[in-house]
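Work through these exercises with the sequence and the model open side by side. Try each task before reading its solution.

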Amino acid sequence: MTLSQENGGSPGNLVSPSLHLSKAEAGFRVIQGITSVAGTYTGGSDRVSDWTRYGRARHTSTPAIIVLGLTVILTALVGIISTSALAERYGSIQWNPLITLQIVQATDYTAACRAGTFFAGLGLLSVTVFINYTQNCVSSGMDVAMLMPRYISQRRGAIIFSILGILAQPWRFLTQATTFITVLSSFGVFMSPAAAILIVDFWLIRKTKWVIPELYKPGGIYWFTGGLNWRAFVAYFLGMWPALPGFVNAVSGLEVAVTWRRFYQISFFFGYFVSGGLFLLFSKLFPPPGLGVQVNFDVDGTIVVEGVPGEEKVGSHDKKGPDSVNTKVLD
């Protein structure tokens, strides 16, 4: 039985706030809430290439954009309605679903309540394992393996970050609602500028065209300056740093001017548009090499063909004649 059913179908008071805030403060709080949710899911969008690399076609993952948007909205909406219904039913505002289950079970210790608590806990456990595997273990393992491929494999990288994750004691982030919101908001500070740069680079600068073999060539067109694209780094830091004083204030309580707190509250949108716009400007003024080039490439003398069904294996597209080539199909 849901909390809204316990309230006779009412989700609680979703309109009149329990705290009296000025219109300006309320507006910035709303934006901060959007920043918290958007920043959290932006981390997943930055790491989506860890999974799209297995796709058989260029736009295999495009439908995920719509699904992700709906998932984010519904997840946030369920959390808001549940918290509001709990406040009306039990008289306390509780944002943590685990503590919510404890409160409900302590108040109504029935067979139905125990069963609901069990399945809710099982769902939370499943989500935690799934998110950590897909968004943390695989992604971090790939990142570390890319930096030191001679010594670290994807599996070893995942193990290293699993150990570091435990040492960071992430359960401390769940002690208070304000701490939890601060952690969520911090994702927007650091991830939104990176996401904007990736989107601008792929869609606007390179117009979805890549020379894939050059990605693996030291000194190639994607090597830039010493292996670093200065346009991206300058744009990233210029879009990110104004939110840092407000972030320090939220984490440590160190007093800063209200202007810096505002930058932190709108950090997702500020960093996104500033970093994306600056990166576009830098790339137009100082164009990187290889723009507008898209080529097929050979692997051991065979041409990799995109979009052919995976069951057609190596050598199955041999052609006869002077221009014939062996082809390899990506699985």
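**Exercise 1. Classify both partners of the salt bridge between Asp201 and Arg206 as buried, partly exposed or exposed.**

Solution.
- Step 1: find the pair. In this predicted model, the side chains of Asp201 and Arg206 form a salt bridge, at 3.3 Å from N to O.
- Step 2: recall the cut-off. A residue is buried when its relative accessible area is under 20%.
- Step 3: apply the cut-off to Asp201. Its relative accessible area is 12%, so Asp201 is buried.
- Step 4: apply the cut-off to Arg206. Its relative accessibility is 2%, so Arg206 counts as buried too.

**Exercise 2. Find the network that salt bridges with shared partners build around Glu25 and Arg29.**

Solution.
- Step 1: set the total. The whole structure holds six salt bridges.
- Step 2: take one of them. Arg29 and Glu25 meet through their side chains at 2.9 Å, N to O.
- Step 3: place the pair. Both residues lie in helix H2, which covers residues 23-46. They are four residues apart, about one turn of the helix.
- Step 4: use the helix geometry. An α-helix has 3.6 residues a turn, so residues three or four places apart point the same way.
- Step 5: compare exposure. Arg29 has a relative accessible area of 45%, so it is partly exposed. Glu25 has 16% relative accessibility and counts as buried.
- Step 6: complete the network. Shared partners join Glu25, Arg29 and Arg262.

**Exercise 3. Explain what the salt bridge between Asp108 and Arg89 ties together.**

Solution.
- Step 1: check the distance. The two side chains meet at 3.8 Å, N to O. The limit for a salt bridge is within 4 Å.
- Step 2: locate each end. Asp108 sits in the loop between helix H5 (97-107) and helix H6 (111-147), and Arg89 sits in helix H4, so the pair ties together parts 19 residues apart in sequence.
- Step 3: read the exposure. Asp108 is partly exposed at 25% relative accessible area. Arg89 is partly exposed at 30% relative accessibility.

**Exercise 4. Compare the span of helix H4 with its expected span, then say what follows the helix.**

Solution.
- Step 1: count residues. H4 runs over residues 63-90 and has 28 residues.
- Step 2: compare spans. From first C-alpha to last, H4 reaches 41 Å, close to the 40 Å expected at 1.5 Å a residue.
- Step 3: list the buried positions. In H4 these are Val72, Ser84, Ala85, Leu86 and Tyr90.
- Step 4: look past the end. Gly91 follows H4, with a positive phi near 80°.

**Exercise 5. Describe the surroundings of Thr117 and Glu214.**

Solution.
- Step 1: start with Thr117 in helix H6. Thr117 has 18% relative accessibility and counts as buried.
- Step 2: find its contacts. With neighbours within four places in sequence left aside, Thr117 is in contact with Leu101 and Gln105.
- Step 3: go on to Glu214. This residue lies in the loop between helix H8 (177-205) and H9. It is buried, with 17% relative accessible area.
- Step 4: follow the side chain. Glu214 reaches the backbone nitrogen of Ile221 at 3.1 Å.
- Step 5: list what Glu214 touches. Gly220, Ile221 and Tyr222 qualify, not counting residues up to four places away in sequence.

**Exercise 6. Trace the nonpolar surface patch to the helices that supply it.**

Solution.
- Step 1: name the members. Trp230, Val234, Leu238, Trp241, Leu281, Leu285 and Phe286 make a nonpolar surface patch of about 650 Å².
- Step 2: assign them. Helix H9 (230-240) and helix H12 (267-285) are the elements that each give two or more residues.
- Step 3: rank the sources. H9 gives the largest share, three residues.
- Step 4: test one member. Leu238 lies in H9. Its relative accessible area is 38%, so Leu238 is partly exposed. Patch members need over 30%.

**Exercise 7. Summarize the whole chain in numbers.**

Solution.
- Step 1: count elements. The protein chain has twelve helices and three strands.
- Step 2: gauge burial. Of its 331 residues, 26% are buried.
- Step 3: weigh the contacts. Among contacts with a separation of 6 or more, 65% join residues 24 or more positions apart.
- Step 4: describe the surface. The chain exposes about 21,200 Å², and carbon and sulfur atoms supply 68% of it.

Terms used. Residues numbered from 1 in each chain as written. Predicted model: local features only at pLDDT ≥ 70, side-chain atom pairs only at ≥ 80, totals over all residues. Heavy atoms only, no water. Expected span 1.5 Å × (residues − 1). Buried < 20%, exposed > 50% of the residue type's maximum accessible area, 1.4 Å probe, protein only. Patch = residues over 30% accessible without salt bridge, like charges linked within 9 Å, V, L, I, M, F, W, Y side chains within 5 Å. Areas by Shrake-Rupley, 256 points an atom, 1.4 Å probe, with all protein chains shown as cover. Polar contact = N/O pair within 3.5 Å; in protein donor to acceptor, adjacent residues only side chain to side chain. Contact = heavy atoms within 4.5 Å.
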